[in-house]
Amino acid sequence: MAERKLRILVGKPGLDGHDRGAKVVARAFRDAGLEVIYTGLHQTPEQIVSAAIQEDVDCIGLSILSGAHNTLLPRVCDLLKEKKADDITVFCGGVIPEDDIPGLKLAGLKEVFTPGTSTEDIVAWVKANVGC
Amino acid sequence: MALAERIMAGEIRAAARLMRDVDDGFSSALEELKILYPYTGNAWIIGITGPPGAGKSTLTDQITAAFRAQGKRVGIVAIDPTSPFTGGAILGDRIRMNRHADDEGVFIRSLATRGALGGISRSTGDVVNIMDAMGMDIVIIETVGVGQDEIDIVRMAHTTVVVMVPGLGDDIQAIKAGILEIADVFVVNKADRDGADRTARELSMMLDMGKRKDGEWLPKVMKTEAARGVGIDDLVAEFDLHKTWLLDTGVINRFLAEKNSTVFADMLKERLFAEVHGRLVQSGELGTIVEGMGTRAVDPYSAVEKVLSGISLVEQPQSR
């Protein structure tokens, strides 16, 4: 019987221009056998959600270093709900203060990875928590 | 409600899911595709191919913008390679097309090759059909970066564009067989770079060398700078000329007959193989054959003949 191939969108919402982390994580997912739709820098939440729906991904991984996480990330979750696509798991990684994590999780982020997390841990989390 | 009906009702998620079912080889997808097939055949399909880094994605983005300005709906199938080692893929063509992400008149789907070698994935034709049934006026297929002979695109697209860039080789490259024979339009992209004129000239010379019958389509060599949008209007106008030529001369009928014949043959090959091979695996005959080949008791030529004539190797051991 045919098997589902995991598909993940990796992108960077907002205006920060540092995509090294996103690329490293995208590469780790590739090496773990996932199909990674890499949308790159400077994405609006609208663009991210629309791309995720067209690509029928299982999850969205957002990298954010700008400090705008409390604005942009909940917006992604809200838009997914609006489009009845909140079955798509959203997680993020980046420079995010501990104090902000509970709020983000309340807003719909399934997990928040902070600096120092290994790519193995992120891949393992996705494999354990995202399925179809 | 079946996915096909939801797609006809304009539901984006249903279309996206069916594309995935197709790509993942779900047998349920066949039923949906059967329903959609009568509604296909309306989109004009443009194939964009060329070496990696030639600017195919950026060109696709610009062409899409030009068609959107004409009010046409555009579907894009963008293909990138699958790792032969891990099965994973980075699908990065969208990066160049993000400005169309929240335009409802554009649907972009990234596909991984998943082991197919002809420049497109096995699912490409079906995904194009889904976009066609969704009502896209134009479907652009962007192949993986290709070398010299990955030319499956030519059977799939009404208009095939081969994108070249300056500095990839001399005029001997231009007379070799393969990818350069399939273009309806040549694009020399990054035309601001040194050597662009020379590349364009060499392609033109290659085209002039060939003998052409009266009324045959003569591919043009166009220069573009996709990143700045230079030359795009002329290119899109050339697509229109090619389309008009195909329709006016009736060559379209020959193209479609060949395409349909290829589509059918490919599907038959795939299904027949899966069916027969699957039965051999299940009955254990495959093991017997492979083992027999190891000791040279069975040769693969006779084994295949026996399978095809419906004689089981297990029941009737070879007597030769």
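**Figure 1. Lys190(B) sits in the loop between β7 (185-188) and α8 of chain B.** This view, like the others here, shows a predicted model. Look at the backbone of Lys190(B): its phi is positive, about 55 degrees, although the residue is not a glycine. Is Lys190(B) buried or exposed? Because 24 C-beta neighbours lie inside 10 Å, Lys190(B) counts as buried.

**Figure 2. Helix α8 of chain B, which covers residues 196-209.** How far apart should the ends of this helix be? With 14 residues at 1.5 Å a residue, α8(B) should span 20 Å, and its end C-alpha atoms are indeed 20 Å apart. The residues of α8(B) that are buried are Ala196(B), Thr199(B), Glu202(B) and Leu203(B). Around the helix axis they take up an arc of only 130 degrees, so they lie on the same side of α8(B). Turn to the face pointing away from that buried side, and you will find the exposed residues Asp197(B), Asp208(B) and Met209(B).

**Figure 3. Val163(B) and its neighbours, with strand β6 (residues 159-164) of chain B as the setting.** Val163(B) is a buried residue, because 27 other C-beta atoms lie within 10 Å. Which residues does Val163(B) touch, leaving aside those up to four places away in sequence? They are Ile48(B), Gly50(B), Ala54(B), Gly55(B), Lys56(B), Leu59(B), Val187(B) and Asn189(B). Take Asn189(B) as one example: 26 residues separate Asn189(B) from Val163(B) in sequence, while their C-alpha atoms are 6.6 Å apart in space.

**Figure 4. Helix α2 (residues 12-23) of chain B and its surroundings.** From its first C-alpha to its last, this helix of 12 residues reaches 17 Å, close to the 16 Å expected at 1.5 Å a residue. Most of α2(B) is covered, with 9 of its 12 residues buried. Near the start of the helix, the buried residues include Ala14(B), Ala15(B) and Ala16(B). Leu18(B), Met19(B), Arg20(B), Asp21(B), Val22(B) and Asp23(B) are buried as well. What do the buried residues of α2(B) pack against? Their partners within chain B are α1 (3-8), α3 (28-36), β4 (106-112) and α5 (124-133), and α2 of chain A joins them. Just after the helix comes Gly25(B), where phi is positive at about 75 degrees.

**Figure 5. Two helices meet across the chains: α2(A) and α2(B).** Their axes are 7 Å apart, and the helices pack at an angle of about 50 degrees. The two are therefore oblique to each other. On one side, the contact is made by Ile53(A), Gln54(A) and Glu55(A) of α2(A); on the other, by Ile12(B), Arg13(B) and Ala16(B) of α2(B). Sorted by class, this contact has 3 nonpolar, 1 polar and 2 charged residues.

**Figure 6. The wider contact between the chains draws 27 residues from chain A and 27 residues from chain B.** On the side of chain A that touches chain B, at least two residues come from each of α1 (20-31), β2 (35-43) and α2 (45-55). By class, this side of chain A has 11 nonpolar, 7 polar and 9 charged residues.

**Figure 7. Asp56(A), in the loop between α2 and β3 (59-64) of chain A.** Here is another backbone detail to look for: phi of Asp56(A) is near 50 degrees, a positive value in a residue other than glycine. Asp56(A) counts as buried because 23 C-beta neighbours lie inside 10 Å.

**Figure 8. Helices α9 (residues 232-249) and α10 (residues 251-283) of chain B pack together.** Their axes are 5 Å apart and make an angle of about 90 degrees. The helices α9(B) and α10(B) are therefore roughly perpendicular to each other. From α9(B), the contact takes Leu246(B), Leu247(B) and Thr249(B), while α10(B) brings Val251(B), Ile252(B) and Phe255(B). This contact has 5 nonpolar and 1 polar residues by class, with no charged ones.

**Figure 9. Chain B as a whole, with 12 helices and 8 strands.** To place the close-ups, picture a box of roughly 70 × 55 × 40 Å along the principal axes, filled by the C-alpha atoms of chain B. Of the 320 residues in chain B, 41% are buried. Among contacts in chain B between residues at least 6 apart in sequence, 72% join residues at least 24 apart.

Note on methods: Residues are numbered from 1 along each chain as its sequence is written. Chains are lettered from A and ligands numbered from 1 in the order in which they are written. This is a predicted model: local features need pLDDT of at least 70, side-chain atom pairs count only at pLDDT 80 or more; totals for chains, interfaces and linings use all residues. Axes are lines fitted to C-alpha atoms, for helices over the stretch in contact, and angles run from 0 to 180 degrees between N-to-C directions. Helices (H or I, at least four residues) and strands (E, at least two) are DSSP runs, numbered from the N terminus. Angles under 35 degrees count as roughly parallel, over 145 as roughly antiparallel, 65 to 115 as roughly perpendicular and the rest as oblique. Two residues are in contact if their C-beta atoms, placed from the backbone, lie within 7 Å. Ala, Val, Leu, Ile, Met, Phe, Trp, Tyr, Cys and Pro count as nonpolar, Asp, Glu, Lys and Arg as charged, and the others, Gly among them, as polar. The expected span of a helix is 1.5 Å times one less than its number of residues. A residue is buried if 20 or more other C-beta atoms lie within 10 Å of its own, exposed if 12 or fewer, and partly exposed in between; C-beta atoms are placed from the backbone. The arc is that of the directions from the helix axis to the C-beta atoms.
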